[in-house]
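Student: Please take a close look at one part of this structure, the surroundings of the ligand, and then place that part within the rest of the chain.

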Amino acid sequence: MPAEPISGTRAIGGFRDLLGAIVAFAGPNLPGTLTVVALGALLDGFGIVMLLPVVETVFAQGDGEQTGLTADLTAWLTVHGIDTVLEQLAAMGAVFLLLVAIRSAVLLKRDVVLMEVSQGFTDHVRRDFFALLADAQWPVIKSYRKADLLNQMTTNIGRLGQTMSILSKGLVTLALGIACLAAGFVVSTALGIMLVAFTLAGLGSAVVWSRRSRALGSRLTRANRGIMHETTLFLDGLKAAKAARAEEELARRFAARIAESREVQVSFVRQQSRLRNAIQFIAALAALMVLLLGFAVFDLSGGELLVMAAIVMRLSPSLVTTFGGMQQIAHALPAFSSIREMEANLLAARELAQDNEKAAVSSFPQDAPLTLRNCQVVAPGGAVLIRAEAISIPSGSLVHIGGPSGAGKSTLVELIAGLQLPATGRVMRGDIALGESTRAAWQRHIAFAPQEPFLFDGTVRENLLWPQLDRAARIPDTVIRQALDQSHAAAIVDGLPEGLDEPLLDGGARLSGGERQRLCLARALLRPGNLLVLDEATSAMDPALERAVVSSLKADAARRTIIMVSHSQNARDLADIRIAVAGGVAEIVSFDHRSAAG
Ligand SMILES: Nc1ncnc2c1ncn2[C@@H]1O[C@H](COP(=O)(O)OP(=O)(O)OP(=O)(O)O)[C@@H](O)[C@H]1O
């Protein structure tokens with residue numbers, strides 16, 4: 001796959017966006033964090049400069065020269081009675097030890113503070129992303145591939161976490177590099193300027209390489225998305241593949257995606273290694289030039305030359321780390337950009353929270369009929385998914401929605417359940433119309449059970465009372481039992497050693513599809529609303545059981561309206577009202593009072 005050309009402006013824009021987000025997150029903690037990083041670097045630089053008087057004092061014994069700094073220091077020590085070389089070295093050693101102790105304390109603080117910012121920022125992005133996804137309108141969530149969402153929530157956020165730790169390390173080594181350069185200036189201004197020039201040369205090559213790293217990062221983002229997609233396909237298709245003896249084919253597709261990602265990773269490592277070699281070459285050249293020029297042109301003392309060599313040796317790895325970190329950040333930026341892009345879409349699709357929501361809840365009509373007038377649901381791309389001209393459902397009815405696959409039945413019940421909003425026309429309960437401002441209240445008065453049962457790793461009781469945790473304590477077991485009886489799930493719970501307190505491991509994976517559906521139906525019956533919407537929520541039950549379940553729901557019809565999508569004859573036979581959906585058009589085809597009476 002050819003590398004995607006990345007403009008420098010886009011690469012810098014992405015980095016600026018990341019820095020802006022970090023600064024906004026760190027806020028008031030930022031000056032403190034930067035201060036502690038700078039202090040750590042300053043102590044390092046000071047430690048290197050301290051080498052100068054130590055070395056020159058040792059050399060002074062053999063008629064070595066002393067520069068201004070050493071001469072001033074030894075003069076000050078002599079005035080204070082520390083006049084032998086041994087005493088002076090001991091005094092300098094004591095200061096050095098003190099410096100090491102202070103430096104250790106500062107570095108500890110620095111590492112903790114940086115970890116808090118970098119880990120905190122990653123968690124903050126993760127939380128924001130999850131919250132935005134939860135707040136987005138259902139049609140928008142539905143328009144994403146599951147694998148793309150998983151890729152953002154796991155791989156891309158993981159890459160952001162790595163970026164943050166590289167950025168923290170980069171900040172530390174950058175500060176250390178600046179401290180080394182400053183120390184170079186203390187020893188010799190001319191050589192300090194030379195070191196800056198060599199650093200800028202290294203920086204130039206790092207910037208050029210960063211663009212390539214970003215292009216590779218974009219390829220990796222695409223490759224990871226492919227891996228995630230193949231992973232979900234692999235897991236979803238494993239049973240079908242085993243039955244068809246097509247495991248190898250499934251594994252082959254997966255292996256092809258992995259190979260693509262590995263190739264990108266290898267290219268990146270190769271490039272990182274080339275950059276490291278280039279920087280090391282520039283550093284070696286710098287060391288040689290500094291020493292030769294220092295000796296021949298600037299006439300530096302032996303001590304000064306030694307300290308300059310120490311500076312170059314300390315500077316060079318910190319530049320290698322900083323510039324290497326730049327590549328890794330450029331490589332990971334596409335992951336961050338991808339998260340930001342999806343976040344922007346989700347933000348645009350956020351449901352509006354209305355101030356009048358509470359008022360709408362208290363006045364919501366419980367027994368009013370449900371009517372749909374000239375409604376259309378339109379997909380994000382503009383296609384009309386369902387039309388309903390005139391549907392009116394009196395309270396307390398059992399309604400069956402039938403029709404061929406792909407006709408629009410699920411879309412119709414998603415509309416009734418408030419998961420979709422009408423693009424045109426009106427959906428009403430009494431005089432309340434479904435819209436942005438009434439959606440939350442509308443949904444609070446509806447119980448919805450989809451075809452795929454959702455159970456989590458909690459006790460049966462926690463699963464049944466989800467998500468009304470605030471009300472949970474007030475729902476007595478007798479009421480829970482009634483719901484279980486009605487959904488024919490009581491026997492399932494009675495068969496568990498701890499009954500309602502039995503933990504459902506692995507989201508109830510050990511229960512059969514029909515058992516899980518019955519528990520989810522019981523949960524829907526415990527919801528406060530009196531409109532129950534079932535979207536093929538009995539599809540995994542055998543016909544006799546399904547008939548028994550629908551009959552017991554119907555016996556309780558005075559308490560709630562039940563709208564059920566089903567392909568089964570049982571539900572059709574027992575319904576009071578039948579709605580047929582065909583080619584995206586929904587209409588009532590019969591009111592069956594005989595069935596209602598029976
Ligand atoms: N976001 C979308 N963009 C375009 N088409 C969509 C979108 N969402 C759903 N559709 C299409 O709308 C049609 C109706 O889908 P829906 O799930 O409502 O059908 P259904 O009658 O419930 O089918 P089934 O019985 O197979 O579950 C399908 O052809 C589906 O592909």
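Tutor: What follows starts at the ligand and works outward to the cores, the domains and a few single residues. The model is predicted.

The shell around the ligand has 15 residues, and the closest are Ala379, Ser405, Lys409, Ser410 and Thr411. Two elements give two or more residues each to this shell: helix 5, residues 138-143, and helix 11, residues 409-416. Of these, helix 11 gives the most, with three residues. By class, the shell holds five nonpolar, eight polar and two charged residues.

Helix 11 deserves a closer look. Seven of its eight residues are buried, which leaves the helix mostly covered. The buried ones are Lys409, Ser410, Leu412, Val413, Glu414, Leu415 and Ile416. Lys409 and Ser410 thus appear in two lists, as buried residues of helix 11 and among the closest residues to the ligand. After helix 11 comes Gly418, with a positive phi near 80 degrees.

Helix 11 also leads into the nonpolar interior. The largest nonpolar core contains 63 residues, and those with the most contacts inside it are Val399, Ile401, Leu412, Ile416, Ala522 and Val533. Leu412 and Ile416 are both among the buried residues of helix 11. Helix 17, residues 513-525, supplies the largest share of this core, with six residues. Leaving out residues up to four places away in sequence, Ile401 touches Lys409, Leu412, Val413, Ile563, Met564, Val565, Ile579 and Val581. One of these contacts is Lys409, which is also one of the residues closest to the ligand. Another core lies apart from this one; it has 54 residues, including Leu176, Phe323, Ala332 and Met342.

The domain assignment gives two parts, domain 1 at 17-347 and domain 2 at 370-591. Their centres, taken over C-alpha atoms, are 54 Å apart. Four residues of domain 1 and five residues of domain 2 make up the contact. On the side of domain 1 that touches domain 2, three residues are nonpolar, one is polar and none is charged.

For the other end of the chain, the unreviewed UniProt entry lists residues 18-43, 89-108, 166-185, 191-209 and 278-298 as "transmembrane region". In the model, the span 166-185 is 100% helix and 0% strand, with its end C-alpha atoms 28 Å apart. The span 278-298 is 90% helix and 0% strand, and its end C-alpha atoms lie 27 Å apart.

Ile48 gives a view of the packing there. Ile48 belongs to helix 2, residues 29-60, and counts as buried because 21 C-beta neighbours lie inside 10 Å. Not counting residues up to four places away in sequence, Ile48 touches Cys180, Ala183, Val307, Ala310, Ile311 and Arg314. Gln88 is 40 residues from Ile48 along the chain, and the C-alpha atoms of the two are separated by 18 Å.

Asn345 is in helix 9, residues 302-348. With 15 C-beta neighbours inside 10 Å, Asn345 is partly exposed. Between Asn345 and Leu132 there are 9.5 Å from C-alpha to C-alpha, although the two are 213 residues apart in sequence. A pair with the opposite character is Leu465 and Leu285: they are 180 residues apart along the chain, and their C-alpha atoms are separated by 71 Å. Leu465 sits in helix 13, residues 460-465, and is buried because 21 other C-beta atoms lie within 10 Å.

Two backbone details remain. Most residues other than glycine have a negative phi. Asn374 has a positive phi near 50 degrees and is not a glycine. Asn374 is part of strand 1, residues 370-378, and it is exposed because 12 other C-beta atoms lie within 10 Å, where 12 or fewer is the cut-off. Glu536 also has a positive phi, of about 50 degrees, without being a glycine. Glu536 is placed in the loop between strand 7, residues 531-535, and helix 18, residues 543-555. Unlike Asn374, which is exposed, Glu536 is buried, with 21 other C-beta atoms within 10 Å.

Definitions and conventions:
Residues numbered from 1 in each chain as written. Predicted model: local features only at pLDDT ≥ 70, side-chain atom pairs only at ≥ 80, totals over all residues. Near = placed C-beta within 6 Å. Helix = DSSP H or I, 4+ residues; strand = E, 2+ residues; numbered from the N terminus. Nonpolar A, V, L, I, M, F, W, Y, C, P; charged D, E, K, R; others polar. Domains from an automatic or database assignment. Contact = placed C-beta atoms within 7 Å. Buried ≥ 20, exposed ≤ 12 C-beta atoms within 10 Å, placed from the backbone. Core = buried A, V, L, I, M, F, W, Y, C linked by C-beta atoms within 7 Å. UniProt positions renumbered as here; feature names shortened; annotations may be inferred.
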